[in-house]
Amino acid sequence: MRRSPFVVALPIVLVAALVGCSGGGEATSVASGSAAAEQPISALRPKTDAVDLIGPSTARLERDDVEPLVEPGGAQLPATVTSHDLGGDSEQTVTHTDRVLALDVSGSLAATVVGLGLGDHLVGRDVSSTFSSVRKLPVVTQDGHSINAEAVLSLEPDVVLTDGTIGPTDVVEQLRQSGVTVVYVENEPSPDGAAELARQTAAALGVPAAGASLATELAERIAATGRDVAALADRASSRPLRIAFLYLRGTSGVYYLLGEGTGADALATALGGVDVAAEIGWDGARPMTDEALVAADADVYLVMTGGLESVGGVDGLLEAKPAVGLTPAGEHRRFVDMADGQILSFGPRTPAVLDALARAVYAP
């Protein structure tokens, strides 16, 4: 598994700082908001070709929390596991798991701990873990996604789980030198990566059997949702939609087009669309250029809700980046936004995230 270049590079950015046919027929406007889910997506029968939709929509989860999906059972401790450090693998022994910090750029790790039934062991959170059961926990990241060592140490954690997407690395090493056990897990930002993340997280917490159960449960749920999404895409669109992900932070002047390995590519594919980043050879997260936007020729832009708000909404983005408006997605104002702490979080909520995004893309 490779670690996402987007999530490795992004903290530095935050701290420091289309031509083509849009489809035939008459376009149809959609509402600005689109909430999940009075009926299953398998029952949705959109009347308008998704290629012809006009206007932004919002993907919303039905519930703003992560539910435990398995019973963890008693922890088998001490547990010696392989920590996938950025400088090379090391062996780490976890002796206690009463006080846990699970930190990454997307909130996937904390959600996985909750999915394992161990949410009551969490004593703090990263800024991306915003679901209701952890929202009151103290935040131990700052300036985007940099770890605050003092904040971490004040919580006296037994173990810190991370995936290398937040740092800096020397701060993480400082935690180890202070006596905190730190375990790096590999976290592939994709629906398929959620199961392996469950296994590695559970192994580090001494509950490998629970990890295997959660991995199986997630794989089955994600596969079932994927089949429903694929069927909806076939019904709703006359051709596969060209999907691109824009990462926006207007307050920092950050306008990125997310490419392969960032999770955005996996989302486009999971939604039954064309991953235009792969098509144009766009790897990682890089500042968007007019040339890349035109080459991507997107029908739909995925964005984070907070990011879109930070640039003044659709109107503000089109004013700041006129090239966006030259694409089919820009011309049709087809921006699908979702909460920052949800849209790229691959873990127990992956099926719900895909469900909500599919509704907003195909049947708002």
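Contact, as the word is used in these exercises, means heavy atoms within 4.5 Å. The structure is a predicted model, and each exercise below is to be worked on that model.

**Exercise 1. Determine where Ser190 is found, whether Ser190 is buried or exposed, and which residues Ser190 touches.**

Solution. Begin with the position in the chain: Ser190 is found in the loop that runs between strand E11 (181-184) and H5. Next take the accessibility, for which the cut-off for buried is under 20% relative accessible area; with a value of 8%, Ser190 is buried. Finally, list the neighbours, leaving aside residues up to four places away in sequence, and the residues that Ser190 touches are Ala266 and Phe346.

**Exercise 2. Describe how helix H2 and helix H5 are arranged, and state which residues make the contact.**

Solution. Two packed helices are described by the angle between their axes and the distance between the axes. For helix H2 (residues 108-115) and helix H5 (residues 193-204), the axes come within 10 Å and cross at roughly 70°. Since angles of 65 to 115 degrees count as roughly perpendicular, H2 and H5 are therefore roughly perpendicular to each other. On the H2 side the contact is made by Ser108, Leu109, Thr112 and Val113, and on the H5 side by Leu197, Ala198 and Thr201. Sorted by character, the residues of this contact of H2 with H5 comprise 4 nonpolar and 3 polar residues, with no charged residue.

**Exercise 3. Work out in which sense strands E5 and E6 pair, and how many residues lie between them.**

Solution. Strand E5 (residues 79-85) and strand E6 (residues 88-94) pair over 7 bridges, and the sense of the pairing is antiparallel. One position to inspect is Asp85, which stands opposite Gly88 in E6. With 2 residues between them, E5 and E6 form a hairpin.

**Exercise 4. For the salt bridges of Asp64, Arg249 and Arg333, identify the partner, the N to O distance and the accessibility of each residue.**

Solution. Side chains of opposite charge can pair when their charged atoms come close. A search of the whole structure finds 11 salt bridges, and three are taken here in turn.

- Asp64 pairs with Arg135, and the closest N and O atoms are 2.2 Å apart. The pair links distant parts of the chain, 71 residues apart, with Asp64 in the loop between strand E4 (57-60) and E5, and Arg135 in the loop between H2 and strand E8 (141-142). Asp64 is partly exposed at 34% relative accessible area, and Arg135 is partly exposed at 40%.
- Arg249 meets Asp340 in a salt bridge of 2.7 Å, N to O. Because Arg249 lies in strand E12 (residues 242-249) and Asp340 in the loop between strand E17 (335-338) and helix H13 (350-362), the pair ties together parts that are 91 residues apart in sequence. Arg249 counts as buried at 17% relative accessibility, whereas Asp340, at 28%, is partly exposed.
- Arg333 forms a salt bridge with Asp315, with the closest N and O atoms 3.0 Å apart. Arg333 lies in the loop between helix H12 (328-331) and E17, and Asp315 in helix H11 (residues 313-320), so the pair ties together parts that are 18 residues apart in sequence. Arg333 is partly exposed at 29% relative accessible area, while Asp315 counts as exposed at 52%.

**Exercise 5. Find which residues are joined with Arg221 into one network of salt bridges.**

Solution. Follow the salt bridges that share partners: Glu67, Glu217 and Arg221 are joined by them into one network.

Notes. Residues numbered from 1 in each chain as written. Predicted model: local features only at pLDDT ≥ 70, side-chain atom pairs only at ≥ 80, totals over all residues. Heavy atoms only, no water. Axes fitted to C-alpha atoms, helices over the stretch in contact; angles between N-to-C directions. Helix = DSSP H or I, 4+ residues; strand = E, 2+ residues; numbered from the N terminus. Parallel < 35°, antiparallel > 145°, perpendicular 65-115°, else oblique. Nonpolar A, V, L, I, M, F, W, Y, C, P; charged D, E, K, R; others polar. Pairing = 2+ DSSP bridges. Salt bridge = Lys/Arg side-chain N within 4 Å of Asp/Glu carboxyl O. Buried < 20%, exposed > 50% of the residue type's maximum accessible area, 1.4 Å probe, protein only.
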